[in-house]
Amino acid sequence: MSLTHERHPQIQAETHLAAAFPANFLWGAATAAYQIEGAAFEDGRGPSIWDDFAATPGKTYQGHNGDVAADHYHLVNEDTDLMRQLGLGAYRFSIAWPRILPQGRGAVNVAGLDFYDRLVDTLLAKGITPFATLYHWDLPSPLQSKGGWANRETALAFADYAEIVAQRLGDRVANWITLNEPWCSAYLGYAVGVHAPGMQDRQAAIDAGHHLLLAHGLAVPRIRAHTSSQSEVGITLSLTPVYAADDRPETQRDTALAEAFGLGWFLDPLFRGKYPDGLFENLKLAQPPIQEGDLATISTPIDFLGVNNYSRQLVRGAAAQPLADQCESVSPVPGACYTDMGWEIYPHGLRDLLVYLHQAYAPQKIYVTENGAAFQDSWDGNGSVSDPRRVEFLRAYIEGLGEAIEQGVPLRGYFVWSLIDNFEWAEGYNKRFGIVYIDYPTQRRVIKESGYWYAALLSAHRDLHQSA
Ligand code: FCB
């Protein structure tokens with residue numbers, strides 16, 4: 001790939017770093033429908049909870065919404081060309097449920113399926129492996145008016161939707177992710193209220209979590225029914241490793257609590273068929289409405305675990321035992337660096353997390369489906385965008401992946417978040433995560449220095465294995 005070296009001779013090929021990854025390691029970038037597509041009212045798309053949430057005063061930064069976003073819906077050719085230019089092996093995108101089923105269930109909007117069909121064909125024609133996420137937070141509004149994820153019916157509707165999509169794309173898409181970060185959907189959406197649907201009801205969050213897990217479990221066989229035996233179905237979780245700030249017994253106790261809440265709440269039912277002991281009692285909440293057979297459905301074996309990781313949690317024990325969702329964290333951590341999201345940069349965290357997951361839950365395969373950083377990037381209208389801190393961030397986290405592989409973790413791929421700047425949920429367009437800059441007024445795409453750096457890494461990885 002000559003692009004990198006011609007345009008940015010100062011970026012050295014990262015041969016040493018690339019050498020830590022096996023020949024078939026997949027390098028990609030990730031996005032999500034509502035964050036990039038725009039075209040919110042076109043071709044029969046119905047409203048989603050994120051349209052409604054963003055339209056509610058005070059919920060998103062300066063009232064930003066996804067109406068136009070990065071206009072990806074109209075710029076698929078340009079964006080897939082960018083992916084090819086960067087040398088991506090894979091692209092993780094999400095499918096907007098309200099494009100496929102504007103009412104959430106019932107009548108299918110064929111134009112919605114057509115859009116993703118074209119996207120998949122375009123990716124394949126450009127040599128890029130599609131990873132499709134079926135739910136990245138944009139629940140059709142009509143389902144929310146019946147309670148959303150707090151209603152068990154939503155899980156059944158999701159399984160029907162998953163099957164409809166798999167029926168159409170399953171002959172070409174081999175990698176499926178049912179849900180993105182159900183912890184965030186449940187807790188941020190139903191308990192804290194900073195994400196759609198903006199509720200503040202902790203019990204509803206626990207119930208929603210159960211129905212999200214059930215939706216996943218019900219969808220797995222429905223997807224498999226329409227894909228080849230080589231295909232893979234998994235789920236992506238947001239996972240933040242928890243560390244103890246000191247060795248006091250209170251800190252040990254609270255670290256375990258924070259782990260049960262942040263990691264075990266979703267990992268345990270998926271991999272062990274049960275919720276963490278005492279979690280709901282500790283939260284002073286009732287168990288979710290578990291029906292017979294639910295936990296067996298939820299723990300249906302999956303082909304891979306998708307891991308999204310950005311930071312870590314450093315817990316300091318409190319005098320009295322806290323609720324598991326209210327453990328005390330050290331923040332800011334003295335001497336630490338933070339991204340524009342206020343998230344601590346802690347590259348060893350991803351490595352430690354992967355080793356922990358491998359030892360504690362032993363997923364067959366792992367993909368890091370999101371990792372990246374927001375910084376305040378700017379473009380002068382001419383050259384490229386200089387983002388040395390993002391380059392440093394990516395290099396350090398990716399180094400950790402090499403170490404995890406060396407320790408036996410079955411890590412098969414890595415997706416940087418994100419391909420392009422986009423609508424960062426409640427933060428709107430104020431936070432930029434892309435390795436490609438979006439000039440929103442013109443929708444121009446400008447590859448950032450981190451994009452060139454990533455392309456150089458991928459090219460070094462290819463060169464190593466081509467010449468081997
Ligand atoms: C994750 C989301 C993703 C993006 C990143 C920064 O929690 O899955 O859509 O917003 O955070």
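Guide: Helices are DSSP runs of H or I of at least four residues, numbered from the N terminus. The model discussed here is predicted.

Visitor: Which helix gives the most to the lining of the second largest cavity?

Guide: The second largest cavity has a volume of about 40 Å³, and its lining includes Arg202, Ala205 and Ile206 as well as Phe261 and Trp265. Two helices, H11 (202-224) and H12, each supply at least two residues of this lining. The greatest contribution, three residues, comes from helix H11.

Visitor: How many charged residues does the lining of the second largest cavity have?

Guide: Asp, Glu, Lys and Arg count as charged. Among the residues that line the second largest cavity are Tyr187, Leu283 and Leu285, together with Arg202 and Asp325. By class, seven residues of this lining are nonpolar and none is polar, while the number of charged residues is two.

Visitor: Which helix gives the most to the lining of the largest cavity?

Guide: The largest cavity has a volume of about 60 Å³. Its lining includes Ile49 and Trp50, and also Cys184, Ser185 and Tyr190. The elements that give two or more residues to this lining are helix H4 (49-54) and H10. With three residues, the most is given by H10.

Visitor: How many residues of the lining of the largest cavity are nonpolar?

Guide: Among the residues lining the largest cavity are Tyr135, Trp137, Trp149, His195, Ala196 and Pro197. Trp, Tyr, Ala and Pro count as nonpolar. The lining of the largest cavity holds no charged residues and two polar ones, and the nonpolar residues number nine.

Visitor: What is the volume of the largest pocket?

Guide: The largest pocket is lined by 46 residues. Those nearest its centre are Trp183, Leu188, Thr240, Ser311 and Trp343. The volume of the largest pocket is about 1,200 Å³.

Visitor: Which element gives the largest share of the lining of the largest pocket?

Guide: Helix H10 (182-192), helix H12 (249-272) and strand S8 (313-315) are the elements that give two or more residues to the lining of the largest pocket. The largest share amounts to five residues, and the element that gives it is H10.

Visitor: How many residues of the lining of the largest pocket are charged?

Guide: The lining of the largest pocket comprises 46 residues. Of these, 24 are nonpolar and 15 are polar. The charged residues in this lining number seven.

Visitor: How many cavities of 30 Å³ or more are counted?

Guide: The largest cavity, at about 60 Å³, meets the cut-off of 30 Å³. The second largest cavity, at about 40 Å³, meets it as well. The full count of cavities of 30 Å³ or more is five.

Notes. Residues numbered from 1 in each chain as written. Predicted model: local features only at pLDDT ≥ 70, side-chain atom pairs only at ≥ 80, totals over all residues. Heavy atoms only, no water. 1 Å grid on protein atoms, 1.4 Å probe; cavity = no way out; pocket = protein on both sides within 12 Å on 5 of 7 lines; lining within 4 Å. Points joined across faces, edges and corners; volume = space filled by probe spheres on them.
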